[in-house]
Amino acid sequence: MKRPASTVLLVLLASSLFAAGAPQQGVPTSLQGTIVGVQPTAGSLDLVTGVGMALRQVRLTMPATAGIAGGSTVAPLSMFKRGDIVRVQCHWSGKRLVTDRIEKVVPQ
Amino acid sequence: MSRVPLAVILALALLGSGCAKPTKPGDAISGLTAGQRDRFLRGRAVFDSVFTPETGLGPLFNANACGECHENPAAGGSGDEIEVHATATHVEGVCDPLAGEGGPVVQQQATPALKAALGIDQEPFPKSATARAHRSSLALFGRGLLDAVPDSELARYADPDDRNRDGISGRLNRFVDGRIGRFGRKAFVPTLAEFNAGAFAIEQGITNPSVPDEESIGGAPIPKGVDPTPDPEIDQTALDLASDFVRFLAPPSPARLTPQARRGRDLFARVGCASCHLPKLRTGNNPVRALSRQEFFAYSDLLIHDMGPDLADICLGLAGPSEFRTEPLIGLRFAEHFLHDGRAETLEGAIEQHGGEGSGARDRFRALPAKERESVIAFLKTL
């Protein structure tokens, strides 16, 4: 059965978000969750992730240089909408969580 | 022959003849190793631990112990507590659990320090909510078995487009990261371990290695000095023990079937209840031998179904307001209230309130002669 291993991995991913409450500057982290808001003007999106019913929302800044995982092209914010599930590699810069790479996840 | 081997032989003979001791509410599943049984007992102590603000409770919480809400008729059972959930359905149909405003669980109690700092007795209700839900505390018996059923088995039962045209179109719900869910009234949470870790945080305000930061206060940060206990407030050992206690809780043995109840069991299937309340599920391979490849009575498909507008409340994940997970009927005879918010006082009342995909079975139940309806209820009271 593959569930336990994947569960541990995803709990660790989600836990890394919670740990993000005390940001470690510059340290890369990974998140996977659902987009619940997109702010085109501000260049950011809101992502919900979490563990069980303990859910947390973070705002991710999308710099113009953010890439799409698996490719070298830049990801425009218009590619994303509420309800999309995404996997994000990001890092803290000051009080902002900055996206490095982002990809849509298609549930299996 | 010495007395110990004789006792072993007698025990084996009893087991072999089908006279195994019935499992009571709060018992561990049979077949655990001595080490697993020890973890079950130590986990029960964590489950029953009463937290205070000094040991990490709050600052927002619903209960001060797992056992406060899961106590009847034994540790891991149900409770009288009703909690409040809130989410928002956006115009395009996307569900927002309002995590940025403290949702989806809106805590109903605050520690004295939080009350002194902000003057609140409970978490503020999210301003963006489009719906509110009440949730009763359900029994946790047999949840380890439900956890051990492979996703592929749930997917096999799903029929979202009702291709077999039986009026039942159960579908899978998914967590925010896309994994298949099964726990909670909307089948939102993928695994038991995650449900438990999240419950420590949102129900008691107890941070832990999986959820190491506190719930916000309606989305706002916790005022300084209100929660001085260092995070995480319980360690991985305590979290794992509590989770193992729940994982190893056995389904109570069903009561003996009387002829009337036997007839009711047949009618339960004939009127269509068993289309969603699937009698048996099977676990997959599992590191815990007692949970591995076990067939057990679940009376659920763990899928979400449209239950009609009268029961509708919040969305969660892919589940719309009227969609709920088929409630497992494990230990049903010990329940005192029924349906997701405890609104039904009797089993017959609960059946009467089934709508949507459940309306066909409900109508066929209604059409039964009174004696046959009583037989169905008699069967349900054996579970």
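Q: In β6(A), which residue is the bridge partner of A:Cys90?
A: Bridges tell you which residues face each other across two paired strands. In this predicted model, the partner of A:Cys90 in β6(A) is A:Thr99. The strands involved are β5(A) and β6(A), with β6(A) spanning residues 96-104 of chain A.

Q: In which sense do β5(A) and β6(A) pair, and over how many bridges?
A: Look at the sense of the pairing, then count the bridges. Here β5(A) and β6(A) pair in the antiparallel sense over 8 bridges. They form a hairpin with 2 residues between the strands.

Q: Which residue takes a positive phi in the hairpin of β5(A) and β6(A)?
A: Check the backbone dihedrals. A:Gly94 takes a positive phi near 65 degrees.

Q: Which strand does β5(A) pair with over 6 bridges?
A: Follow the bridges from strand to strand. Strand β1, residues 29-39 of chain A, pairs with β5(A), residues 85-93, in the antiparallel sense over 6 bridges. Two residue pairs show the register. A:Ser30 stands opposite A:Gln89 in β5(A). A:Leu31 has A:Val88 in β5(A) as its bridge partner.

Q: How many bridges join β1(A) to β2(A)?
A: Again, read the count and the sense together. β2(A) covers residues 44-51, and 5 bridges join β1(A) to β2(A), which run antiparallel. One pair to locate is A:Gln39, opposite A:Ser44 in β2(A).

Q: How many residues lie between β1(A) and β2(A) in their hairpin?
A: Count along the chain from one strand to the next. The hairpin of β1(A) and β2(A) has 4 residues between the strands. In the turn, A:Gly43 has a positive phi of about 65 degrees.

Q: Is β1(A) mostly covered or mostly uncovered?
A: Use relative accessible area, residue by residue; buried means under 20%. For β1(A), 9 of its 11 residues are buried, so the strand is mostly covered. Across chain A, 49% of the 108 residues count as buried.

Q: What is the overall make-up of chain A?
A: List the elements, then their order. Chain A has 1 helix and 6 strands. From the N terminus, the order is α-β-β-β-β-β-β. Then turn to contacts and surface. Of the contacts in chain A between residues at least 6 apart in sequence, 50% join residues at least 24 apart. The accessible surface is about 5,200 Å², and 60% of that belongs to carbon and sulfur atoms.

Q: Is B:Val106 buried or exposed?
A: Start from its accessible area, then list its neighbours. B:Val106 is buried, with a relative accessible area of 2%. This residue lies in strand β4, residues 105-106 of chain B. Leaving aside residues up to four places away in sequence, B:Val106 touches B:Asn62, B:Val84, B:Ala86, B:Glu123, B:Pro124, B:Phe125 and B:Pro126. B:Phe125 is 19 residues away in sequence, with 6.6 Å from C-alpha to C-alpha.

Q: At what angle do α9(B) and α12(B) pack?
A: Take the angle between the axes and their separation. Helix α9, residues 259-270 of chain B, packs at about 100 degrees against α12, residues 370-380, with the axes 7 Å apart. The two helices are therefore roughly perpendicular to each other. Residues making the contact include B:Leu267 and B:Phe268 of α9(B), and B:Val376 and B:Phe379 of α12(B). By class, the contact residues divide into 7 nonpolar, 3 polar and 5 charged.

Conventions. Residues are numbered from 1 along each chain as its sequence is written. Chains are lettered from A and ligands numbered from 1 in the order in which they are written. This is a predicted model: local features need pLDDT of at least 70, side-chain atom pairs count only at pLDDT 80 or more; totals for chains, interfaces and linings use all residues. Side-chain values use heavy atoms; hydrogens and water are left out. Axes are lines fitted to C-alpha atoms, for helices over the stretch in contact, and angles run from 0 to 180 degrees between N-to-C directions. Angles under 35 degrees count as roughly parallel, over 145 as roughly antiparallel, 65 to 115 as roughly perpendicular and the rest as oblique. Contact means heavy atoms within 4.5 Å. Ala, Val, Leu, Ile, Met, Phe, Trp, Tyr, Cys and Pro count as nonpolar, Asp, Glu, Lys and Arg as charged, and the others, Gly among them, as polar. Buried means under 20% relative accessible area, exposed over 50%, partly exposed in between (1.4 Å probe, protein chains only). Accessible areas come from the Shrake-Rupley method with a 1.4 Å probe; for residues, only the protein chains shown count as cover. Two strands pair if DSSP finds at least two bridges between them.
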